[in-house]
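Subject: The structure we talked about

Hello,

Here is the structure I promised to pass on to you. Please have a look at it before you read my notes.

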Amino acid sequence: MKWTLRTKIFIYLLIVSLCGVFLTSFSIFFGVENQFSNYLEVSRKEKTSFIEEEIIQTYKQTGRLISEQANSMLHDQAMTENLYYTLYDRSGNVVADTTRMQRMMHGMGMHQRTETADYESSSHTINVDGEKIGTMEVVYPVELVGEDFTFLKSIQQNILIAVIVILLLSILFSFLFSRRLSAGFMRLSTAVQELKKHKRVNVPVEDLSMEMKQLGESFNELANSLTKEEKLRKQFTADFAHELRTPLATLRSQLEAYQDGIWEPTPERLQKSHRELMRLVRLVNELETLIAVENPQKKLNFSTLEAGKIVSLLEDQFRPSFQKKGVTLQVNLPLKKTHFTADQDRVIQILTNLINNALQYTSKGKTVAIFTKDKEESICFIVKDEGIGIKNEDIPFLFERFYRGDKSRATKTGGIGIGLSIVKALVDAHHATIDFNSEVGEGTTVKVCFPKKRGF
C-alpha cells in the first residue's frame, strides 16, 4: 500500500510520541510504586525503633518491659500502621501481644486488602547495657494495605488518566504537524500538476519554512522561465510563419501571373521574383546561424586579438558602403595597443551587424562613429550613430527574434529581425556585455565590452 507523505509523517510522529509517552509513563508508574514502598519500609523501621526505645526506657525506669504508654503505642500502630507486635521477656513469657487485633480488624473490615495480603515477621532482641531483657516479634504486611494502598491506587489512576490525555493530544498534534509539514510539498505537488497542464502557476511562499521557501522560489522561477519560453516559442512560430508568408505570397502571385499570361516575364519582374526568393534564402541562413551560435556545444576559436586591428578591418570593410550612401564614417583608432582574447570571426560578425544597422538607420549627411574604450579588465567597442533612434519601450525587446519596433521601417531595410538575436548569442558565448543607449531623433550608441582574459 502506497502512503502519502502526509500519512507517513503522521505515523512517524505518532510512533515517536507514543514511544515517549509509554516510556515516561512506565518510568513514573513503577518508579512511584517502588519509591513509595521504600518510604513505607523506612517508616516501618522507624516506628519499630520507637517501640523498642520506649520499652528500653520503661525497663530502665521501672524494671518492667511494658508500660501504659508503650501499650498504647503498640495498639496505635496496630490500628493505624498495620504493625503488630508480640513482646517476650527474657524467660520467653508473652508480656504484650497485639497480633490478636489483626484478626479482629479483619473481621471488622477496617483495612482494605488485609484479608488477602501476605504478612511477614521479624524478630528483634532487646538489650540493655549488653544484657538481653526480652524479644520483640514484629508482624507486618508484605503488600500495601489500607490507606497506603488507596493512596498508591489514586496516584496510579491519575497517571493513567494523564497517559490517556497525552495519547489523545499526541494523535491530535501529530495530525496537525503532519498537515503543517506536508503543506509545502502538497502545494508544490499541486503546482507541478497544474504546470503539466500548461497552466500558469505561482506557489505562495510567504508562510513556508526557510527550506520550503527556497524550494518554492526556485519552482516559481522555473515556472516563470517555462512560461516565458512557451510564450517565446509561440511568438517565434507566429513570427516565423509571418516572415515566410510575405515572400511566399509575393512569389506565388508573381508565378501565377506568369502562368496565366497576365505578366510577361520581363527582366525587371524576374529580378523582383529573385529578390523575394533570396529573402527566403537569407531567412533560412540566418536561422541556421542563430541555432548554431546558441548551441552550447559550439566551440569558439579563441585567440589573442588587437583592438586597433579589428577596428581597421571594419573601417576597410564598410568605408565604400558609407561613401555610397553619403554617411560619414568616423573611426577613432586606440592610442595604444590593447589585446583581448576572443574568436576573431565572431567578433567581426558582432560588430559588422551593429555597424550595418547603424548605416541602415542613419540618413545621408549624418555621421556614424566607431571607437574603443579601454578598461582595466575589458575592452569596449562603441558604435555611435546619428540615426532615427529607438524608443525606450522597444530596447528591452531588441534581442528577441523577429522583433521590430517599426514594422514599416524594417520592410524598407530588408531586415528579418534575427541579426540582434545572433549578436546577443555571440556576446553571451564570449561572456561579454552589450548595452543600448538611444533617443528618438538623436541617434543610438551601442557598447560591446569583451573581457581581456578568459575567466571561465
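Below is what I found in it, sheet by sheet and then a few single residues.

Please keep in mind that this is a predicted model.

**The five-stranded sheet**

Let me begin with an open sheet of five strands, which has mixed pairing and the strand order 6-8-9-11-10. Its edges are strand 6 (328-332) and strand 10 (433-439); each has a single partner strand, so one side of each is left without a neighbour in the sheet. Direction ignored, neighbouring strands here are turned against each other by 15 degrees on average. Helix 7 (residues 307-325) packs on this sheet and touches strand 6, strand 8 (367-374) and strand 9. The direction of helix 7 makes about 170 degrees with that of strand 6.

The strand 10 end is a good place to zoom in. Strand 10 and strand 11 run antiparallel and are joined by seven bridges. They form a hairpin with three residues between them, and Gly-441 in the turn has a positive phi of about 85 degrees. Two opposite pairs help you to find your way along the hairpin: Glu-439 faces Gly-443 in strand 11, and Thr-433 stands opposite Cys-449, also in strand 11.

Which side chains of strand 10 are buried, and which are not? In a regular strand, side chains alternate between the two faces of the sheet. Strand 10 shows such an alternation: Ile-434, Phe-436 and Ser-438 point to one face and are buried. Thr-433, Asp-435, Asn-437 and Glu-439 point to the other face and are not buried.

**The disulfide**

Cys-449 brings us to the next item. How many disulfides does the structure hold? There is one, formed by Cys-380 and Cys-449, with their sulfur atoms 2.0 Å apart. The pair links distant parts of the chain, as Cys-380 lies in strand 9 (residues 378-385) and Cys-449 in strand 11 (residues 443-451), 69 residues apart. The link is right-handed, with 105 degrees about the S-S bond. Both Cys-380 and Cys-449 are buried. Another cysteine, Cys-19, is partly exposed, with a relative accessible area of 43%.

**The four-stranded sheet**

There is also an open sheet of four strands, with antiparallel pairing and the order 2-1-4-3. Strand 2 (94-97) and strand 3 (119-128) are its edge strands, each pairing on one side only. From one strand to the next, the twist averages 15 degrees. Strand 3 pairs with strand 4 (residues 131-141) in the antiparallel sense over 10 bridges, and Thr-125 stands opposite Thr-135 in strand 4. Helix 1 (residues 5-62) packs on this sheet, where it touches strand 1 (84-89), strand 3 and strand 4. Its direction makes about 35 degrees with that of strand 3.

**Two helices side by side**

How do helix 4 and helix 5 lie, and what do they bring to their contact? The axes of helix 4 (residues 146-196) and helix 5 (residues 210-259) come within 11 Å and cross at roughly 10 degrees. Helix 4 is therefore roughly parallel to helix 5. On the helix 4 side, the contact uses Gly-184, Phe-185, Leu-188, Ala-191, Val-192 and Leu-195. These meet Met-212, Leu-215, Gly-216, Phe-219, Ala-223 and Leu-226 in helix 5. The residues of this contact divide into 10 nonpolar, two polar and no charged.

**Two residues with a positive phi**

Most residues other than glycine have a negative phi. Asp-129 has a positive phi, near 55 degrees, and is found in the loop between strand 3 and strand 4. Is Asp-129 buried or exposed? With a relative accessible area of 76%, Asp-129 is exposed, because the cut-off for that word is over 50%. If you want a sense of distance, Asp-129 and Gly-20 are 109 residues apart in sequence and 58 Å apart in space, C-alpha to C-alpha.

His-431 also has a positive phi, near 55 degrees. This residue sits in the loop between helix 10 (419-429) and strand 10. His-431 counts as partly exposed, at 49% relative accessibility.

Do write back if you would like to go through any of this together.

Best wishes

Conventions. Residues numbered from 1 in each chain as written. Predicted model: local features only at pLDDT ≥ 70, side-chain atom pairs only at ≥ 80, totals over all residues. Heavy atoms only, no water. Disulfide = S-S within 2.5 Å. Buried < 20%, exposed > 50% of the residue type's maximum accessible area, 1.4 Å probe, protein only. Axes fitted to C-alpha atoms, helices over the stretch in contact; angles between N-to-C directions. Parallel < 35°, antiparallel > 145°, perpendicular 65-115°, else oblique. Contact = heavy atoms within 4.5 Å. Nonpolar A, V, L, I, M, F, W, Y, C, P; charged D, E, K, R; others polar. Pairing = 2+ DSSP bridges.
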